[in-house]
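Colleague: Please examine one part of this model closely, beginning with a loop and following the chain from there into its surroundings. I should like one connected account.

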Amino acid sequence: MLTRRQFTFAGAAAFGAARTGFAAEVGDDGLHKQPWFLDTFLELGDDLAAAADNGRHLMILYEQNGCPYCRELHEVNFAGSELSDYIKVHYDVIQLDMFGAREVLDFDGQALEERDLAAKWGVNFTPTTILMHNSNAGAVSVSAAQSFRMPGYLKPFHYLSSLEFVAERKFEEQTFQRYLQDKFAELEAQGIDPDVW
């Protein structure tokens, strides 16, 4: 018979082993990768235009090496098929490194390293997800291109809701908080208690 200590240790070991099964791939730059991330010339105006031409939206995902919340985003949020499938249908995703040195062409035509662009855009946390609706194609600044920004990690329910908030153009008529309240009320009316934590 197992003692409580042995049972706890065995459970923790099993949880750890199961969790490693969901580990996201890590690239040479130390960032977690998804097979549906785009590899582009990092000319962001063109990237938004290309997404719009295909009826999709653009997501810029700023991360950094060693970020525990970035790992959580990949191993929890993106591991769920509901969220990752939604992204694959509706968004083109470009990953940038908050401290990276690749050259990026900003919407205003200025060429900057990833780290300098992060400073210019006021990206202070990772992950930071910037969502751009395809109707903003042709924008000449990030403020004109950006529809919604998530500075930091959001749990899967809220993250998916933010993607829907932009894709459904709800950002044009209400705040994200109001959108969430309406969504909660609608789910409650259907007898659904969403898993928000």
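**From a loop into the sheet**

Modeller: P127 lies in the loop between α5 (114–121) and β7. The model is a predicted one, and every remark below concerns that prediction. The peptide bond joining T126 to P127 is cis, with omega about -5°. Most peptide bonds are trans, and most residues other than glycine have a negative phi.

The strand that follows this loop, β7 (residues 128–132), is joined to β8 by four bridges, and the two run antiparallel. Within that pair, T129 has M150 as its bridge partner, while L131 stands opposite F148. The two β8 partners, F148 and M150, make up the covered face of β8, whereas R149 and P151 form the uncovered one.

β7 and β8 belong to an open sheet of four strands, ordered β4-β3-β7-β8 with mixed pairing. At its edges are β4 and β8 (148–151), each pairing on one side only. Neighbouring strands in this sheet are turned by 15° against each other on average, direction ignored. Strands of a sheet pair through backbone hydrogen bonds, either parallel or antiparallel.

At the β4 edge, seven bridges join β3 (residues 57–63) to β4, and here the strands run parallel. E63 faces D97 across that pair. Although β4 is an edge strand, seven of its seven residues, 91–97, are buried. In a regular strand the side chains alternate between the two faces of the sheet. In β4, Y91, V93, Q95 and D97 point one way and D92, I94 and L96 the other, and all are buried.

Helix α2 (residues 44–53) lies across β3, β4 and β7, running at about 135° to β3. In the loop between β2 (32–33) and α2 is L42, which has a positive phi of about 60° although it is not a glycine. With a relative accessible area of 7%, L42 lies under the 20% cut-off and therefore counts as buried.

The packing around the sheet can be followed from M59. Residues in contact with M59 include I87, Y91, V93, T129, L131, Y159 and L163, leaving aside those up to four places away in sequence. M59 is also among the residues that touch the most other members of the largest nonpolar core, a set of 27 residues; F78, I87, Y91, L131, Y159 and L163 are named with it. Two or more residues of this core come from each of β3, α4 (81–90), β4, β8, α7 (156–167) and α8 (176–189). The element giving the most is α7, with seven residues. A second, separate core has 21 residues, including L44, L48, I130 and A139.

α7 itself is mostly covered, with 11 of its 12 residues buried; among them are F157, Y159, L163 and F165, but also H158 and E164. Its 12 residues, at 1.5 Å a residue, should span 16 Å, and the end C-alpha atoms are 16 Å apart, so the two values agree.

After α7 comes R169, in the loop between α7 and α8. Like L42, R169 is a non-glycine residue with a positive phi of about 60°. Its relative accessibility is 34%, between the 20% and 50% cut-offs, so R169 counts as partly exposed, whereas L42 is buried.

How values were computed. Residues are numbered from 1 along each chain as its sequence is written. This is a predicted model: local features need pLDDT of at least 70, side-chain atom pairs count only at pLDDT 80 or more; totals for chains, interfaces and linings use all residues. Side-chain values use heavy atoms; hydrogens and water are left out. Buried means under 20% relative accessible area, exposed over 50%, partly exposed in between (1.4 Å probe, protein chains only). Two strands pair if DSSP finds at least two bridges between them. Axes are lines fitted to C-alpha atoms, for helices over the stretch in contact, and angles run from 0 to 180 degrees between N-to-C directions. Contact means heavy atoms within 4.5 Å. A nonpolar core is a set of buried Ala, Val, Leu, Ile, Met, Phe, Trp, Tyr and Cys residues joined through side-chain atoms within 4.5 Å. The expected span of a helix is 1.5 Å times one less than its number of residues.
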